[in-house]
Amino acid sequence: MEARNRTLTDWFTRVRTGQVLLPRFQRHEAWGHREITSLLESVLRGLPTGAALTLEIGDDPPFIARTLVGAPAPTERVTEHLLDGQQRLTALWRALHDDYDDRTYLVGIEDDNDGNATTIVRAEPTYDKKGQRYPLWLEDPAECWKRDWIPLSLCRPGIPDDDVNAWAYAAADGDSREAWAIDKTISRYSTTIGAFNIPFLSLPPGTPRETALDVFINMNTSSVKLRSYDIVVAQYEAATGESLHDQVAELEAAVPRLASYREAENLLLDVAALREDRTPSQASYHRLDLRHLSEQFEELTRGAAFAVGVLEAESIFDSDRLPTVAVLPILGALEPHVPKGGDERGNAMSLIRAYLWRSFTTGRYEGAAATRALQDLRGLIDALRGGDNSAPIFDEELYHLPQPEELVRARWPKTRQTLARAMLCASLRRGAFDIADGAKATPGNMNSREYHHLFPDAYLEQKGDLESSEIDRALNCSLITWTTNRRIGAKPPLTYLKERIELGSLGEGEVRRRLESHLIPWDEFVSSSGDDVAGSYRSFLEARSILVADYLTDLCHGREPNT
């Protein structure tokens with residue numbers, strides 16, 4: 001391995017012509033605008049930014065490669081693969097070519113409190129409206145210069161002098177002397193950027209592919225460290241010659257609703273690990289049989305589709321409502337063992353329903369989730385094969401089913417408390433019809449739903465003298481549309497229910513039906529207008545806790561509730 005120096009001008013020439021390409025297994029961009037701004041300021045101040053790593057290419061490239069994002073199509077033969085440094089070089093290329101849709105990078109001078117001038121970079125947010133880029137002052141050199149900013153795209157290596165001169169003249173509003181001064185300022189920045197050194201370590205041509213991958217993994221030095229998935233992507237390409245990025249994209253296209261619950265790449269590796277009888281953990285990812293992973297990709301896709309289908313059938317519509325993500329890989333790994341039809345499938349789906357709701361209500365996966373996931377999967381597979389159900393999650397001495405008093409204490413479901421989310425999901429499963437418009441909860445209208453206090457928080461604070469810790473309870477929550485929520489405000493329940501009855505055309509019976517779809521006890525809810533607001537509220541919580549507990553108990557036994 002040889003250490004070398006290379007100016008940014010030379011790097012850009014090689015990127016522009018395609019002499020430097022990225023191996024396909026490299027992850028995609030991971031830097032945000034804060035990291036990019038910091039990098040640009042380091043370049044302008046001549047501070048080191050770390051070394052890159054390349055592999056020289058002979059006649060037989062070891063990897064399928066691609067250009068950096070924003071770079072043009074290659075015009076010359078590839079001579080190097082960039083193994084490490086793509087985040088830095090991509091950020092520099094795109095920022096200095098003004099290639100980001102939502103930011104333009106500018107350079108200026110700022111005086112500190114001691115009177116010292118410091119070069120600073122600004123990432124100015126941009127947006128497009130009817131074909132016009134905003135803010136408008138970015139497109140006006142005079143306005144930009146009036147604010148003491150220069151677009152960094154004017155300082156990039158290789159920009160034509162005419163482009164710089166034209167901008168400087170426009171910024172100076174035709175004043176030749178000032179235009180010359182602006183041009184000199186841009187030139188100073190451009191010289192600094194073009195001469196900036198990004199050193200690199202170079203692996204010689206003929207380096208075995210496996211060796212190059214080992215070096216890539218062991219010597220990655222970027223500020224965004226390699227994830228286990230990134231390493232698997234590289235190893236997968238070496239083992240199979242295929243792109244795991246491409247296959248994950250195929251999985252996402254085949255199961256588009258998966259994105260509502262979890263990243264496809266993480267689920268893929270978790271399911272693969274479980275199917276090899278390993279825990280779904282990062283340690284297991286590095287022990288996967290990658291050729292087998294490639295061969296079973298269609299099965300993994302079916303598993304992902306099955307997992308999403310089970311959740312949607314139980315009215316769990318997205319990650320914001322999902323009580324625990326631990327169930328997803330288990331469902332995905334279980335799919336090959338589920339009968340395809342008949343009574344056998346019906347029995348299997350009842351077992352899966354019981355498993356799913358126990359995972360939501362018992363706290364089974366609140367610790368050591370990976371180990372417990374493998375234990376439960378083994379027991380579920382055994383049960384589906386006709387054996388005894390040995391999944392520990394069904395041991396009610398260890399994992400008792402939720403009792404009403406526990407439900408009363410459960411916190412606001414917008415938090416990540418598993419039981420609180422499970423209670424909300426139970427009402428979604430019942431339909432959770434909106435109190436005003438009568439719309440049933442669906443995946444398509446979740447974004448229009450808000451977490452609503454059935455007994456409004458302001459009402460309980462003012463009339464019941466209750467603290468937020470008692471007000472923000474899962475049993476005091478329902479999901480309704482934001483328009484309905486705004487109309488309710490701080491009104492007592494009976495008042496806003498009467499308004500719904502009077503404004504609606506279907507009468508009290510329909511409003512009662514909509515409330516009951518949220519597992520809300522009508523009698524306790526409408527009798528809440530007396531002087532003892534706190535007492536009425538607590539009676540309501542107790543009554544609703546019994547309804548919800550009975551409903552969850554049926555689900556935890558795999559039954560379809562009668563409530």
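# Exercises on strands and helices

In this predicted model, Arg103 of strand β6 has Pro125 in β7 as its bridge partner.

**Exercise 1.** Place the pair β6 and β7 in their sheet: which strands belong to the sheet, and in what order?

Solution.
Step 1. Strand β6 (residues 103-111) pairs with β7 over nine bridges, in the antiparallel sense.
Step 2. The sheet is open and has three strands, in the order β7-β6-β10, with antiparallel pairing.
Step 3. β7 (117-125) and β10 (150-151) are at the edges with a single partner strand each, so one side of each has no neighbour in the sheet.

**Exercise 2.** Work out the surroundings of strand β5 in the open sheet of six strands. Is β5 mostly covered or uncovered?

Solution.
Step 1. Read the strand order: β1-β11-β3-β5-β2-β4, with mixed pairing. The edge strands are β1 (2-4) and β4 (65-66), and each of them pairs on one side only.
Step 2. Take the partners of β5. Strand β2 (residues 20-23) runs parallel to β5 and is joined to it by two bridges. Strand β3 (residues 52-56) runs antiparallel to β5, with four bridges between them.
Step 3. Look at Glu80 in β5. Val20 stands opposite Glu80, and Glu80 is also the bridge partner of Glu56.
Step 4. Turn to the other partner of β3. Strand β11 (residues 200-203) pairs with β3 over four bridges in the parallel sense, and Thr54 stands opposite Ser202 in β11.
Step 5. Add the helices. Helix α1 packs on this sheet and touches β2, β3, β5 and β11; the direction of α1 makes about 70° with that of β2. Helix α3 also packs on the sheet, touching β2, β3, β4 and β5, and the direction of α3 makes about 110° with that of β5.
Step 6. Strand β5 (residues 80-84) is mostly covered, with five of its five residues buried.

**Exercise 3.** Describe how α1 and α3 meet: at roughly what angle do their axes cross?

Solution.
Step 1. The axes of α1 (residues 8-17) and α3 (residues 86-96) come within 11 Å and cross at roughly 85°.
Step 2. An angle of 65 to 115 degrees counts as roughly perpendicular, so α1 is roughly perpendicular to α3.
Step 3. From α1, the contact uses Leu8, Trp11, Phe12, Val15 and Arg16; from α3, it uses Leu89, Leu92, Trp93 and Leu96.
Step 4. Sorted by class, the contact of α1 with α3 has eight nonpolar residues, no polar ones and one charged.

**Exercise 4.** Describe the meeting of α18 and α25 by the steps of the previous exercise. Which residues of α18 take part?

Solution.
Step 1. The axes of α18 (residues 418-430) and α25 (residues 533-556) come within 10 Å and cross at roughly 80°.
Step 2. The two helices α18 and α25 are therefore roughly perpendicular.
Step 3. Ala422, Met423, Ala426, Ser427, Arg429 and Arg430 of α18 meet Arg544, Val548, Tyr551, Leu552 and Leu555 of α25.
Step 4. The classes in the contact of α18 with α25 are seven nonpolar, one polar and three charged.

**Exercise 5.** Check the span of helix α16 against 1.5 Å a residue.

Solution.
Step 1. The 16 residues of α16 (residues 369-384) should span 22 Å, and the end C-alpha atoms are 22 Å apart, which agrees.
Step 2. Among the buried residues of α16 are Ala373, Leu377 and Ile381.
Step 3. The cover over the buried residues of α16 includes α10 (264-275), α14 (327-334) and α15 (342-361).
Step 4. Just after α16, Gly386 has a positive phi of about 100°.

How values were computed. Residues are numbered from 1 along each chain as its sequence is written. This is a predicted model: local features need pLDDT of at least 70, side-chain atom pairs count only at pLDDT 80 or more; totals for chains, interfaces and linings use all residues. Side-chain values use heavy atoms; hydrogens and water are left out. Axes are lines fitted to C-alpha atoms, for helices over the stretch in contact, and angles run from 0 to 180 degrees between N-to-C directions. Angles under 35 degrees count as roughly parallel, over 145 as roughly antiparallel, 65 to 115 as roughly perpendicular and the rest as oblique. Contact means heavy atoms within 4.5 Å. Ala, Val, Leu, Ile, Met, Phe, Trp, Tyr, Cys and Pro count as nonpolar, Asp, Glu, Lys and Arg as charged, and the others, Gly among them, as polar. Buried means under 20% relative accessible area, exposed over 50%, partly exposed in between (1.4 Å probe, protein chains only). Two strands pair if DSSP finds at least two bridges between them. The expected span of a helix is 1.5 Å times one less than its number of residues.
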